[in-house]
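Good morning, colleagues. I should like to take a few minutes to go through one structure with you. Please look at the display before I begin.

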Amino acid sequence: MSVRVGFGFDTHRLVEGRELWLGGVRLEHHQGALGHSDADVLLHAICDALLGAVALGDIGHHFPDTDAQWKGADSKVLLARVRELLAARGWRVVNVDSTLLLERPRIKPHIPAMVAAIAPLLGVEADAVSIKATTNELLGYVGREEGVSAYAVALVERA
Ligand code: MG
């Protein structure tokens, strides 16, 4: 069996007056992530992990923020496109593991909805999508609630 592993990381600023989208789910919060698309940092990290697994560059290469087509884009659409890029080259997703890094809001209650949003986009069962979350112990930009980060790894195999 031919397999590849990829890693992804993303950060977005948190600001007032934006919706907060994480893992394909809108969360009620007084801040949202700033970005050209919906700024879903978790989906962006997963996109980069998948692209990295097959050495296809990064999300900024495929969906540039200079392209009006992606302004306000639903990152679920980007993730679905990434899966198509992999499929076209004969790869399918095995599993994804990820960690969100932010102080608030509390993520745990939303994880099942995030998994339910992501798994079908990747063509995998729910138990192949892992989402974890941690605070940054009030340290740095995450601790000051100025930003949110996400890390992801993905395994893909020859279809
Ligand atoms: Mg991003």
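I shall speak about a metal site and then about a pair of helices. Please keep in mind that this is a predicted model.

Let us begin with the magnesium ion. Which protein atoms serve as its donors? They are OD of Asp10, NE2 of His12 and ND1 of His44, lying 2.1 to 2.2 Å from the ion. Along the sequence, these donor residues follow the spacing D-x1-H-x31-H.

Are these residues buried or exposed? His44 has a relative accessibility of 6%, and so counts as buried, the cut-off being under 20%. Asp10, at 17%, is likewise buried, and His12 is buried with a relative accessible area of 13%.

His44 deserves a closer look. Its place is in helix α1. Apart from its neighbours within four places in sequence, His44 is in contact with Asp10, His12, Ser37, Asp38, Ala39, Ile59, Ser75 and Leu78. With Ser37 there is a polar contact, side chain to side chain, at 3.3 Å.

I turn now to the helices. Helix α1, residues 41-53, packs with helix α3, residues 75-88, at an angle of about 10 degrees, and their axes are 9 Å apart. Because angles under 35 degrees count as roughly parallel, α1 is roughly parallel to α3. On the α1 side, the contact residues include His44, Ile46 and Leu50; on the α3 side, they include Ser75, Leu78 and Val82. By class, this contact has 10 nonpolar, 2 polar and 1 charged residues.

To close, His44 is thus both a donor of the magnesium ion and one of the α1 residues in the contact with α3.

Definitions and conventions:
Residues are numbered from 1 along each chain as its sequence is written. This is a predicted model: local features need pLDDT of at least 70, side-chain atom pairs count only at pLDDT 80 or more; totals for chains, interfaces and linings use all residues. Side-chain values use heavy atoms; hydrogens and water are left out. Axes are lines fitted to C-alpha atoms, for helices over the stretch in contact, and angles run from 0 to 180 degrees between N-to-C directions. Helices (H or I, at least four residues) and strands (E, at least two) are DSSP runs, numbered from the N terminus. Angles under 35 degrees count as roughly parallel, over 145 as roughly antiparallel, 65 to 115 as roughly perpendicular and the rest as oblique. Contact means heavy atoms within 4.5 Å. Ala, Val, Leu, Ile, Met, Phe, Trp, Tyr, Cys and Pro count as nonpolar, Asp, Glu, Lys and Arg as charged, and the others, Gly among them, as polar. Buried means under 20% relative accessible area, exposed over 50%, partly exposed in between (1.4 Å probe, protein chains only). A polar contact is a pair of N or O atoms within 3.5 Å; within protein, one must be able to donate a hydrogen and the other to accept it, and residues adjacent in sequence count only if both atoms are side-chain atoms. Donors are N, O and S atoms within 2.8 Å of the metal (3.2 Å for Na, K and Ca); water is not among the atoms, so sites may look incomplete.
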